[in-house]
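Me: I am looking at one part of this model and would like a plain description of it. Please give the cut-off for each term when you use it.

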Amino acid sequence: MTSSEFDPAAVGSKKAKKEPLAPVQISGSALEQGDTLFIRVKEATTSAEVSGNFGKEKINFFIPRDGEDLVAIVGIDVKTAPGKYDLVVNPPDGKKFQKEIRVLKRKFPVTDLKVTKELEAKGFTPSKIVKNILGKEKPTLDSVLKMYTPEAYLAGPFIRPLSEIKIGGEFGNIRKRGSAMFQHLGVDLDAPVGTPVYAVNDGVVSFSDELNTYGKTLVVDHGLGMYSLYLHLDTIGKKQGEAVKKGEVIASSGNSGYSLQPHLHFSIKVNGASVDPLRFIKTAEKHL
């Protein structure tokens, strides 16, 4: 059959004609505080071919392992002001992509900053907890999290850090008693002491130590400003500088530091932005 001849398989159904995928795809245009924006650029072979900005923030693109497209991950910090932000991407075809992204206010409940008698006996009080976090431990971890690795270690989508996910403390809750107050920038996952904790993706350990309030703490650098944090551990199985593989047991959950009961505090940071870690993983499953 020549190219001019009739091909019945290609006629009679609009379904046979698939619209080409847009060169720039995004995970959503209306996001809440603590959400994550995933951007995919088709037909680009190197990050040098693409540039972009979210508001005033420069976007860093990378090619995921075994991937064919460029991807960027933008964290919407828990404290990002609600409003409209311009997303601009310059793809290889030269046709600038511009989209207005709306950041919506998310309601974070206020909960009691509890202190048990056992914790009081260890010297914990609401004011001391806040003082330790804001004055010592947060600055300690911030100095680690500001380090930028200009490559992505990621091996596909992220996974959950525990085999069973049971939320004991929601992301973003504002814990308050009297004038003492702080915002919970991770999620508490109930787990008996000694439960295996898995690396949520490939990376390198950037912090492995015990802190007064956060307890035994492990931080993994996944590259390009992405970090996962594991707090209140019972045991830490990796030292600073060691590489980890996705799904590898890196620690066991515990009850160390300021902890009301055995659990794992799990956080994700994206270029300094505190994002909802479980929402992050769910979105990454679809878009990474």
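Which strands make up the open sheet of five, in what order do they lie, and what is the sense of the pairing?

Reply: The order across this sheet is β2-β9-β8-β4-β5, and the pairing is mixed. Strands here are DSSP runs of E with at least two residues, and helices are runs of H or I with at least four, both numbered from the N terminus. Two strands pair if DSSP finds at least two bridges between them. The model is predicted, so to speak of local features a pLDDT of at least 70 is needed, side-chain atom pairs count only at 80 or more, and totals for chains, interfaces and linings use all residues. Residues are numbered from 1 along each chain as its sequence is written, and side-chain values use heavy atoms, without hydrogens and water.

Start at the margins. β2 (30-32) and β5 (57-58) are the edge strands, and each of them pairs on one side only. Inside the sheet, β4 (51-54) and β8 (83-90) are joined by four bridges, and these two strands run in the antiparallel sense. One position shows the register: Gly 52 has Val 89 of β8 as its bridge partner.

The same two strands are also linked through side chains. Phe 54 of β4 and Tyr 85 of β8 form a pair between parts of the chain 31 residues apart. Their ring centres are 5.6 Å apart and the planes make 20°, which counts as stacked. (Rings of Phe, Tyr and Trp, the last by its six-membered ring, pair when their centres lie within 6.5 Å; planes under 30 degrees apart are stacked, over 60 edge-to-face, and the rest tilted.) The model has six aromatic pairs by this rule.

Now move to the edge at β5. Glu 57 and Lys 58 are among the residues that line the largest cavity. A cavity is a set of points, on a 1 Å grid over the protein atoms alone, where a 1.4 Å probe fits but cannot get out, and lining residues have an atom within 4 Å of a point. There is one cavity of 30 Å³ or more. The space in the largest cavity is about 80 Å³, a volume being what is filled by probe spheres set on the points, which are joined across faces, edges and corners. Its lining also includes Ile 59, Asn 60, Phe 62, Ile 73 and Val 74, together with Leu 224, Met 226 and Asn 271. β5 and β7 each give at least two residues to this lining.

β7 leads to a second sheet. Here four strands form an open sheet in the order β1-β3-β7-β6, with antiparallel pairing. Its edges are β1 (24-26) and β6 (61-62), each paired on one side only. β1 is joined by three bridges to β3 (36-41), and the two run antiparallel. Within that pairing, Gln 25 is opposite Arg 40 of β3. Helix α3 (277-287) packs on this sheet and touches β3 and β7 (70-75); contact means heavy atoms within 4.5 Å.

To recap, the sheet you asked about has β2 and β5 at its edges, and β5 shares the lining of the largest cavity with β7, a strand of the four-stranded sheet. Phe 54 and Tyr 85 give a stacked aromatic pair between β4 and β8.

How values were computed:
Axes fitted to C-alpha atoms, helices over the stretch in contact; angles between N-to-C directions. 1 Å grid on protein atoms, 1.4 Å probe; cavity = no way out; pocket = protein on both sides within 12 Å on 5 of 7 lines; lining within 4 Å.
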